[in-house]
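Here are a few exercises to work through with the model open. Try each task before you read its solution.

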Amino acid sequence: MPVSTPDPAANLPELVTPAPAGAAAQYSRWLAVAALLGLVVLCLAWELWLAPLRPGGSWLVLKALPLCLPLAGLLKHRMYTYRWLSLLVWLYFVEGVVRAWGDAAPSRWCALAEIALCLLLFAACVVHIRGRQRAVAPAPKPAAAS
């Protein structure tokens, strides 16, 4: 008599379960990765070449480092990464709003691009989180007969 082995994926915690194969989940995942990479490139270019605070660049370029941390988690479908990234991105949004309001023209355009990328990244994270939560939501229980 063959012995059935349990599905190893059934024992994995929610944080590392693979994302559903639906088109919306894949689209939002790649949109989040693209927006995150765009934000990293923008932060580097802004503070080194486009409109640095000091000629030749400034130490503010280090603001791109925290954005590099979640990239591995996004590529590995870690739900926890999408959740904390959706909160981290608001720090960059606030910086973009402050600098769009107070800086001159070259820096203002970079700040507006940062705002747009932050909003896009947040929206992609929210769509991905909601899609994955719907995919693993338990089926509604039937009403008990009295």
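A residue counts as buried when its relative accessible area is under 20%. Keep in mind that this is a predicted model.

**Exercise 1.** Work out the overall make-up of the chain: how many helices and strands are there, and what share of the residues counts as buried?

Solution. Start with the elements: you should find 5 helices and 0 strands, which read along the sequence as α-α-α-α-α. Next, apply the burial cut-off: of the 146 residues, 36% come out as buried. Then turn to the surface, where about 9,300 Å² is accessible and 72% of that belongs to carbon and sulfur atoms.

**Exercise 2.** Decide whether Arg99 is buried or exposed, and find what it touches.

Solution. First place Arg99: it sits in helix H4, residues 79–102. Its relative accessibility is 9%, and the cut-off is under 20%, so Arg99 is buried. Now look for partners, skipping residues up to four places away in sequence: Arg99 touches Trp46, Glu47, Ala51, Leu53, Leu60, Lys63, Ser107 and Ala111. Two of these partners, Trp46 and Lys63, meet each other as well: the charged end of Lys63 sits over the Trp46 ring, 4.0 Å from its centre.

**Exercise 3.** Classify the ring pair Trp90 and Phe93.

Solution. Both residues lie in helix H4, 3 residues apart, or about one turn. Their ring centres are 5.1 Å apart, and pairing needs centres within 6.5 Å. The planes meet at 80°, and over 60 degrees counts as edge-to-face, so that is the class of this pair. To finish, add Phe122: together with Trp90 and Phe93 it forms one aromatic cluster.

Definitions and conventions:
Residues numbered from 1 in each chain as written. Predicted model: local features only at pLDDT ≥ 70, side-chain atom pairs only at ≥ 80, totals over all residues. Heavy atoms only, no water. Helix = DSSP H or I, 4+ residues; strand = E, 2+ residues; numbered from the N terminus. Buried < 20%, exposed > 50% of the residue type's maximum accessible area, 1.4 Å probe, protein only. Contact = heavy atoms within 4.5 Å. Areas by Shrake-Rupley, 256 points an atom, 1.4 Å probe, with all protein chains shown as cover. Phe/Tyr/Trp six-rings, centres within 6.5 Å; stacked < 30°, edge-to-face > 60°. Lys NZ or Arg CZ within 6 Å of the ring centre and 35° of its normal.
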